[in-house]
Amino acid sequence: MAEKYYITTAIAYTSSKPHIGNVYEAILADAFARFKRRQGYDVFFQTGTDEHGQKIEEKAKLAGKTPKEYVDEVAAEIKSIWDSMNISYDKFIRTTDEYHEKQVAKIFRKFYDQGDIYKGFYEGKYCTPCETFYTESQLVNGKCPTCGGEVHSAHEEAYFFKMSKYAPRLIDYINTHPDFIVPVARKNEMMNNFLNAGLQDLCVSRTSFKWGIPVDFDDKHVVYVWVDALTNYITGIGYDADGNHSEQYKRLWPADVHVIGKDIVRFHTIYWPIFLMALGEPLPKTVFGHAWILQNGWKMSKSKGNVMYSDDLTKIFGVDAVRYYSLVCMPYDNDGNLTLEMMTEKINSDLANVYGNLLKRTIAMSQKYFGGVVENAGADEKIDEELKELAIHAYENFAKNMDEYRIADAIEGLIAVLRRANKYIDETMPWVLYKDESNYPRLKTVLYNLTETLVIITSLLDPIMPETAEKALKQLNSPFRKYEDMGKFGLYASGTKVTDNAEIIFNRLDIEEVYKKAEEIENKYAAPEEKPEMLPEISIDDFAKVQLKTALVTACEKVEKSKKLLKLSLKVGGDRRTVVSGIAEYYKPEELIGKTVVMVYNLKPAKLCGVESQGMILCAEKDGKVKIIESELPDGSTVR
C-alpha cells in the first residue's frame, strides 16, 4: 500500500470573494499535492471554507440575507474559483457541515469536562475582521497588529482555554522537532514573541453574536472561531471526540503539512497544537507559513482597494500562466510581488521565449527535416553531455526543493534546463547540419536530445501547469515520464512521430494589450454613478437657521424598551446635552464614547421612549451602511 500524504490549506473565510493572494495558497498546496501523487504517494488534499463569526453575521445583515444564505453563496463562489484554477482537492469541507458542527460541540464539552476551559469575562480590544482580541500593549499605533484596522472595546462573558497548562510541553516539542514550523523565521517569531513571553489564556467562546456553533451546555455562548475553524483538519477526515474515529482518520492523521499564510502561524503552531495535546492526538508533522503576494509592494486588502482576482487575471493571462507566476514569484521566506508589468515580463521571458519557443522550434525542425519522426541515431558528442546531465539531475534538484517547500527555486531550476536547451540549439546549429546528408545521424541525435529534455522537464512542470504539460506532451506524442525513471536519459521511444500541427503554448504578450484588457475588466466592476436624490431647494437664509456644533460623547447607553435607540451624553463646550439617536444597530454604546460628533444644536427637544432628546446627531448613509459624522475639532466648535 502506498505511503499516505495528508496536506491541507487554511480554510477560506466566507466574508467575501477571495483575491489572488488568498487563491495563491490553494495553488501552492495543489502543486505540492500533485507532485506527491506523481511520486506515488496516496495523497489526500483537503481545503474548504470557514463560515461562522461576527463579521459574517454583520455582512449577511447588510445584504438582507440570513447568515446561512450568505455563506452558501460565498462558499459556492470560492469552490468555483478553486475549480477554475485546477485545484485537485480530495475534500472541500465547510464549517457549517453538520458532522463538523456536531464534533466541534463535542470537542468543546470534552475540553470543559477535563478542566481545560473555564468561564470568565473578557475586557480589551477586538478586531472584527480578524476575529481576534488584543491587549492595549499588542496594538500598533492603536490599530490591529494584523490587519492595521480599527479595534473597539469589548467586555463580555466568555470561556477561556488554559494555554499555560500545555505551553511547556509545546515549547519542548518545537525545540525537539525542527521541521514542525518552517521557515525557521516563523519558528523564531513564535518562540520569541509568544511562547517565551508567556501565553495568556485564550478566549474560546462569544456571547455578543449568535452565528456560530452553540455551546451545548450554555446556550448564551457560541464556540469561538479558532476551536471551530482549526478542528476542520481532523473532523474532515473522520475524527470523533468520543474515540470512534473513522478508518480514514486512523490512516491519515497526523497531517504531513498544513499550508497556511504567515499571518495565521500563531494560531496553527500554538493554539492548534495545544488543542491537539488536550485531545490526546498527535501533532501535524509540519506547518509551512508561506509569505504574502504583494501588489506593488503592499499587502492586498479589500479595504485599500488594491486587490486582484484570479478569475480576472486568467482572462488576461490564462489559468496556467497565473498558476506559474503566483508560484515562481514567491521566495521561500519573503513576500513576492505582483503587478501586471511583472507578470507580463515573466510570462514572456520564461513561458513564451524559453519554454514555448523551445517546444515550437524542436517540433518544427523535426517536421521540416524528418517528417516529424524523432530518432536517436546515437551520434552523441561531448557538447551534448552538459544538457543531458542537467536533464538527468533535474528531478533530483526539483524534488529536493519541493520537499523543502522552496517551490520558486524548484521551478527556476527547470527553466534553467530549458534555457540551456535553447542555447544547445544555437551551439549545434541544426540548420547547418541539415545542409549535408552525412550529418543527418548527428542532426537526428540533436533533435532527439531536445525532445527527450522537453519530455523530462514538461513532466516535472505538470504540478505547476497541468493543462500546459498535458498539451505539450500530446504534441511530443509522449506519456508523462514516471518519476522513478527521471534519472535516466534516452527513454523517449526512438522513431516516435511528433504532432503535425504544433501549437504555440504561450504567445508573447504586449503590455498595452494587457492594460487594455485589465481596463475592460475594471470597467465591468464599476457601478454606474447614481445621481443623488435632491430635496426641494432652500435658500441660504433657510440653511442659516440650522445651528451645527461639534460635541464630545462622554457617556452612552441603550434606551430601555427600544432596539434601535441609544442615549448619548454630550459635552458641547460649556454645555451638556442628552441626545437620543436611532443608531443602536450600527454602534455599540462603548464604541461611541470619546468620539467627537456633529450635532444639530438648535433642534426643538422631543421625547423618544420617555427620554428627552435635545438635538440630533449627523450621520451619513450609503447602501444600508450608516456612519456618524466625526470631527477633529474641539467640542463646542461651530460647523458652517
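**Why these names? Gln103, the cores and the hollows**

Student: Which residues does Gln103 touch, not counting those up to four places away in sequence?

Tutor: Gln103 touches Thr235, Tyr239, Asp240 and Ala241. Please keep in mind that this is a predicted model.

Student: What makes these four count as contacts?

Tutor: The cut-off is heavy atoms within 4.5 Å. Thr235, Tyr239, Asp240 and Ala241 are listed as touching Gln103, therefore each meets that limit.

Student: Why is Gln103 called buried?

Tutor: Its relative accessibility is 8%, and buried means under 20%. The value falls under the cut-off, so Gln103 counts as buried. As for its place in the fold, Gln103 is found in helix α4, residues 98-113.

Student: Let's turn to the nonpolar cores. How many residues does the largest one have, and which have the most contacts inside it?

Tutor: This core has 110 residues, and Ile7, Trp82 and Phe317 have the most contacts inside it. Helix α13 (residues 340-370) gives the largest share, 13 residues.

Student: What does Ile7 touch, leaving out residues up to four places away in sequence?

Tutor: Its partners are Ala29, Phe32, Ala33, Val43, Phe44, Phe45, Gln46, Val257 and Val259. Apart from the largest core lies another, of 67 residues, including Tyr166, Leu202, Tyr249 and Ala255.

Student: Why is the hollow lined by Tyr24 and Leu28 called a cavity?

Tutor: In a cavity, a 1.4 Å probe fits but cannot get out. This hollow is listed as the largest cavity, so it meets that condition. About 60 Å³ of space lies in it, and a search of the whole structure finds one cavity of 30 Å³ or more. Besides Tyr24 and Leu28, its lining includes Phe288, His290, Met330 and Arg406. Helix α1 (20-39), strand β13 (287-290) and helix α15 (407-428) each supply at least two of the lining residues.

Student: What kinds of residues line the largest cavity?

Tutor: They divide into 10 nonpolar, one polar and one charged. Arg counts as charged, so Arg406 is the charged one.

Student: And which residues lie nearest the centre of the second largest pocket?

Tutor: Phe133, Gln138, Gln200, Asp201 and Tyr271 do, out of 24 that line it. About 420 Å³ of space lies in this pocket. Its lining divides into 14 nonpolar, seven polar and three charged residues. Among the elements that each supply at least two of them are β5 (117-127), α6 (184-195) and α10 (265-279).

Key. Residues numbered from 1 in each chain as written. Predicted model: local features only at pLDDT ≥ 70, side-chain atom pairs only at ≥ 80, totals over all residues. Heavy atoms only, no water. 1 Å grid on protein atoms, 1.4 Å probe; cavity = no way out; pocket = protein on both sides within 12 Å on 5 of 7 lines; lining within 4 Å. Points joined across faces, edges and corners; volume = space filled by probe spheres on them. Helix = DSSP H or I, 4+ residues; strand = E, 2+ residues; numbered from the N terminus. Buried < 20%, exposed > 50% of the residue type's maximum accessible area, 1.4 Å probe, protein only. Core = buried A, V, L, I, M, F, W, Y, C linked by side-chain atoms within 4.5 Å.
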